[in-house]
Amino acid sequence: MRIVFAASEMYPFAKTGGLADVAGALPKALVALGHEVKVILPRFRSIDPSLFSMETIDEFEVMIGQQRHRVEIKAHEMAPRLKVYFVEHPGFFDRESLYSDGSGDYPDNDQRFICFSKAVPEILRRLEYQPDVIHCHDWQTGLIPAYLKCTYQKQGLFEKCRTIFTVHNLAYQGNFPLDTFPLTGFGWEEFTLHRMEFYGKVSFLKAGLVYSDVLTTVSPNYAHEIQTEEFGSGMDGILRERALDLYGIVNGIDVKEWDPQTDQALAANYGASTMIRKKPVNKAFLQKENDLEVNPKIPVIGMVTRLVEQKGIDTVAAILEPLEKARIQLVLLGSGSSRYQSLFTKIAGQYTGHFSFHLKYDEKLSRRIYAGSDFFLMPSLFEPCGLGQMIALRYGALPIVRSVGGLADTVTDYHQDSESGNGFVYEGSTAQDLLGAIDRAVQVFGDKKLWTALQKNAMKCDFSWKVSAEKYIELYKHARRKTALR
Ligand code: ADP
Ligand code: GLC
């Protein structure tokens, strides 16, 4: 099949979270199944043209309201049948970060992603390329299915092409004031309750949910959850209406990128058979580099996360004292909202020797945390899929997770009598609930034989992309058979 991906992040080019991992790995898995994939991304500053060979292949103008914007299109051949196209517009994309700076979201995010979304089908038209499907990801690309339906297909272009829209996180919606609407170029008939209007605003996410032929999200459990008021972020009504077109496909991880046997960042490489001897070397290294007591008997909990409310950060702040009392070490690597950044920067000093906080984005350190920790914590309030717990399992760090979204789909709770399971899953949302789970986990940690058995279960889990990529192909085929949504 001919598949086009439109996304605002893709590992290794631009990343703030799991979306980048998915947009980096899924295309490779689709190519491995024999298909052809073109990925289209904005050319952010982090994408250094001197590091990736790319050639300018086109240049054209995009209208945003009454203003003409010039974009340049660069192409990079990643692998046979896998090409990446970058939409270059320095005024919009050559910035320090992807979506926001210290003072909040960039005020022109509407224009930035109108520009990107208009450029995507235009590139394909000018290349005279007929994709079977365009697979869009999150609100930044929500307008693309709308441009396809309302503009191109009405002109008889891309008539056979179908659009798939994947929700990686329903909480990020790209909702903009009414003034944004004229900038999109759509007629006012598209600004209704059943189209792009969302409580008086224009919602790019809603556009994706309304105009796409097929909808997916990144785990079966989250696909159910988002149809409820509790997890629906105001979009549950529209998702219930589209329930028959909504599928949950769990993410995989790139098992070559995330492999403790070859990971260059580790103090010692290991696999399931060498884990017992080599993982402790990584643990000791992590304890040492974090000024924690180097002692194999003290449990180390790792956490690598965006510091945002979604991730249950408040409960983490609330357990620092009980953890210290219980002599449990915690290493936290994260960056995100200024509220949490300053909170942890302020309180970290009170728990030196037990709690180590790194305020940054650091992939190498994240790898050492996955390898050196005994447990990996994800007390998320909601979690569409979550990749951290899958990486942790692969590195033999047992996840302690809240029973939500993809966490519930990928982590199986340890049951005392069965020696089955690969981690610790808990209900409830309070610090007490979390401490209860940590307590259970630490008890198992004290039983060497059982502990090793669980670590082996964890490392045996197969989270490679192949199975999920096959599911996407089935879905693309299904979308092709559908009559285009009008
Ligand atoms: P989300 O996409 O909601 O942030 P996921 O668990 O799906 O959550 O994916 C998070 C990804 O980002 C993982 O690959 C994780 O290792 C990485 N990550 C998050 N924060 C950091 C950080 N501060 N430094 C390095 N990697 C991080
Ligand atoms: C989002 C979600 C996360 C998911 C990732 C990739 O960032 O928060 O749960 O794993 O997208 O789909």
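1. How do the residues of the shell around ligand 2 divide into nonpolar, polar and charged? In this predicted model, six residues of that shell are nonpolar, six are polar and two are charged. The shell around ligand 1 is made up by class of seven nonpolar, seven polar and seven charged residues. These class counts may serve as a starting point for the two sites, which are treated in turn below.

2. Ligand 1 is surrounded by 21 residues. The closest of them are Gly18, Arg306, Lys311, Tyr370 and Leu387. Five elements each supply at least two residues of this shell, namely α1 (18-32), β15 (300-307), β16 (329-336), α12 (363-372) and α13 (388-394). The largest share belongs to strand β15, which contributes three residues.

3. Polar contacts of ligand 1 with the backbone deserve a separate remark. A polar backbone atom of Gly18 lies 2.5 Å from an oxygen atom of ligand 1. A nitrogen atom of the ligand is 3.0 Å from a polar backbone atom of Asp362, and an oxygen atom of ligand 1 is 3.2 Å from a polar backbone atom of Gly388. Taken alone, ligand 1 exposes 560 Å², of which the protein buries 93%.

4. The placement of ligand 1 with respect to the domains is as follows. Domain 1 (2-252 + 466-481) and domain 2 (275-462) each provide at least three residues of the shell around ligand 1. For ligand 2, likewise, at least three shell residues come from domain 1 and at least three from domain 2.

5. Ligand 2 has 14 residues around it. Those that come nearest are His168, Asn251, Glu383, Cys385 and Gly386. Helix α1 gives the largest share of this shell, three residues; α1 is also among the elements that supply at least two residues to the shell around ligand 1.

6. The polar contacts of ligand 2 involve both side chains and backbone. An N or O atom in the side chain of Glu383 is 2.5 Å from an oxygen atom of ligand 2, and for an N or O atom in the side chain of Gln310 the distance to an oxygen atom of the ligand is 3.2 Å. On the backbone, an N or O atom of Gly386 lies 2.8 Å from an oxygen atom of ligand 2. Ligand 2 exposes 310 Å² when taken alone, and the protein buries 94% of that area.

7. Where is space enclosed within the protein? Searching the whole structure yields two cavities of 30 Å³ or more. The largest holds about 100 Å³ of space. Its lining consists of Tyr11, Ala20, Asp21, Gly24, Ala25, Lys28, Gly252, Ile253, Asp254, Glu257, Trp258 and Trp465. By class, six of the lining residues are nonpolar, two are polar and four are charged.

8. The second largest cavity has a volume of about 30 Å³. Leu320, Leu323, Glu324, Ile328, Leu330, Tyr351, His354 and Phe355 line this cavity. Helix α10 (residues 313-325) gives the most to the lining, with three residues. Six residues of the lining are nonpolar, one is polar and one is charged.

9. Two points of backbone geometry may be noted. The peptide bond between Tyr11 and Pro12 is cis, with omega about 5 degrees. Pro12 is found in the loop between β1 (2-6) and α1, while Tyr11 is one of the residues that line the largest cavity. The second point concerns Phe158, a residue other than glycine that has a positive phi of about 50 degrees. Phe158 lies in the loop between α4 (143-152) and β9 (162-167).

Key. Residues numbered from 1 in each chain as written. Chains lettered and ligands numbered in written order. Predicted model: local features only at pLDDT ≥ 70, side-chain atom pairs only at ≥ 80, totals over all residues. Heavy atoms only, no water. Near = heavy atom within 4 Å. Polar contact = N/O pair within 3.5 Å; in protein donor to acceptor, adjacent residues only side chain to side chain. Areas by Shrake-Rupley, 256 points an atom, 1.4 Å probe, with all protein chains shown as cover. Helix = DSSP H or I, 4+ residues; strand = E, 2+ residues; numbered from the N terminus. Nonpolar A, V, L, I, M, F, W, Y, C, P; charged D, E, K, R; others polar. Domains from an automatic or database assignment. 1 Å grid on protein atoms, 1.4 Å probe; cavity = no way out; pocket = protein on both sides within 12 Å on 5 of 7 lines; lining within 4 Å. Points joined across faces, edges and corners; volume = space filled by probe spheres on them.
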